[in-house]
Amino acid sequence: MSLFLEPRLTLRPTPADTQPLPARRGWLEVICGSMFSGKTEELIRRLTRARIARQRVEIFKPALDTRYHEQDVVSHNQTSIRSTPIQFASDVLLLGANCDVVGIDEAQFFDSALPDVCNQLADRGIRVICAGLDMDFAGRPFGPMPALLAVAEFVTKVHAVCVRCGDPAAYSFRLTASAERVLLGETDSYEARCRACFLEGQAEKAALD
Ligand code: ADP
Ligand code: MG
Ligand code: ZN
């Protein structure tokens, strides 16, 4: 997980005879994977390092996700960082305007404006780091994540451990029968599974119907 080396915020050369460019270069990083794959952990690690480098950091999460804490972003191994819950992706444009680094967790829950919002921030010179589920419980691409992955300069896919067989897991298997796309839950409602164990579970569920 620590293979990702942060590119440095570097001063951009601005020849006197050209349009002034933003003093700092922005870019977009995306951390994706299944539930329990360490996305939040990795997001917190990168943001903590940015703070150590004395950069101004703001963290946002969707207001609907209050599973662990109203304000904090909390990982499954209990590391946490203070965040601002917001309703719309566009809220980041105002609230994150004066930062060096913007972190966004649970990016899959945001509206379709998120990729454009992240691009705008990066164009202004901000380093944007989004973490989110790339697939929903049925293995379908989740919300704004595909578009976000397409426009990001850096993409990190992290893997959980399949609770059935121990292989690397890319799927979030839903243990309950609910067909709602958003079902906030924990180990009681989801399991990290590899492809084979995910397919097996889907077949078992289908047989029950
Ligand atoms: P995510 O944000 O991707 O859901 P977190 O960063 O919150 O993941 O949590 C990752 C942590 O979850 C791991 O460090 C580990 O302690 C714990 N964990 C629980 N179940 C699993 C699993 N099946 N595979 C890997 N890690 C797991
Ligand atoms: Mg998380
Ligand atoms: Zn498996």
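Colleague: What share of the contacts between residues at least 6 apart in sequence join residues at least 24 apart?
Modeller: In this predicted model, the share is 69%. A pair counts as a contact when the two C-beta atoms, placed from the backbone, lie within 7 Å.

Colleague: How much of the chain is buried?
Modeller: Buried residues are 39% of the 209 in the protein chain. The chain also has 5 helices and 12 strands.

Colleague: How do you know how far to trust the coordinates, and what is the mean pLDDT?
Modeller: The protein chain has a mean pLDDT of 89, with 85% of its residues at 70 or more. Residues 11–15 fall below 50, and beyond near neighbours in sequence that stretch has 8 contacts in the model. Where pLDDT is low, predicted coordinates should not be read in detail.

Colleague: What makes S5 and S8 the edge strands of the open sheet?
Modeller: Follow the order S5-S2-S6-S7-S1-S8, six strands with parallel pairing. Strand S5 (84–86) and strand S8 (154–157) each have a single partner strand, so one side of each has no neighbour in the sheet. From one strand to the next, the twist averages 20°.

Colleague: Why are S1 and S7 called a pair?
Modeller: Two strands pair if there are at least two bridges between them. Strand S1 (residues 27–33) and strand S7 (residues 127–133) run parallel and are joined by 7 bridges, so they satisfy that rule. One of the bridge partners is Leu133 in S7, matched with Gly33.

Colleague: Which helices pack on this sheet?
Modeller: Helix H1 (residues 39–52) touches S1, S2, S6, S7 and S8, and its direction makes about 165° with that of S7. Helix H3 (residues 114–123) touches S1, S6 and S7, at about 155° to the direction of S7.

Colleague: Why is S2 called mostly covered?
Modeller: A residue is buried when 20 or more other C-beta atoms lie within 10 Å of its own, and 6 of the 6 residues in S2 are buried. Val57, Ile59 and Lys61 point one way, while Glu58, Phe60 and Pro62 point the other way. Side chains in a regular strand alternate between the two faces of the sheet.

Colleague: What are the partners of S2?
Modeller: S2 pairs in the parallel sense with S6 over 4 bridges and with S5 over 3 bridges. Glu58 stands opposite Val102 in S6, and Phe60 has Thr84 in S5 as its bridge partner.

Colleague: Why does Asp111 count as buried, partly exposed or exposed?
Modeller: Asp111 has 13 C-beta neighbours inside 10 Å. Buried needs 20 or more and exposed needs 12 or fewer, so Asp111 is partly exposed. Asp111 sits in the loop between S6 and H3. Not counting residues up to four places away in sequence, Asp111 touches Phe88 and Ala89; its C-alpha atom is 6.2 Å from that of Ala89, 22 residues away along the chain.

Colleague: Which element gives the most to the shell around ligand 1?
Modeller: H1 does, with 3 residues. The shell has 15 residues, the closest being Thr40, Glu41, Ser75, His76 and Ala160. By type, the shell divides into 6 nonpolar, 7 polar and 2 charged residues.

Colleague: How do you know in which sense S11 and S12 pair?
Modeller: Strand S11 and strand S12 (residues 190–193) pair in the antiparallel sense over 4 bridges. Within that pair, Phe173 stands opposite Glu191.

Notes:
Residues are numbered from 1 along each chain as its sequence is written. Chains are lettered from A and ligands numbered from 1 in the order in which they are written. This is a predicted model: local features need pLDDT of at least 70, side-chain atom pairs count only at pLDDT 80 or more; totals for chains, interfaces and linings use all residues. Helices (H or I, at least four residues) and strands (E, at least two) are DSSP runs, numbered from the N terminus. Axes are lines fitted to C-alpha atoms, for helices over the stretch in contact, and angles run from 0 to 180 degrees between N-to-C directions. A residue is near a molecule or strand if its C-beta atom, placed from the backbone, lies within 6 Å of it. Ala, Val, Leu, Ile, Met, Phe, Trp, Tyr, Cys and Pro count as nonpolar, Asp, Glu, Lys and Arg as charged, and the others, Gly among them, as polar. pLDDT is the predictor's confidence in each residue, from 0 to 100.
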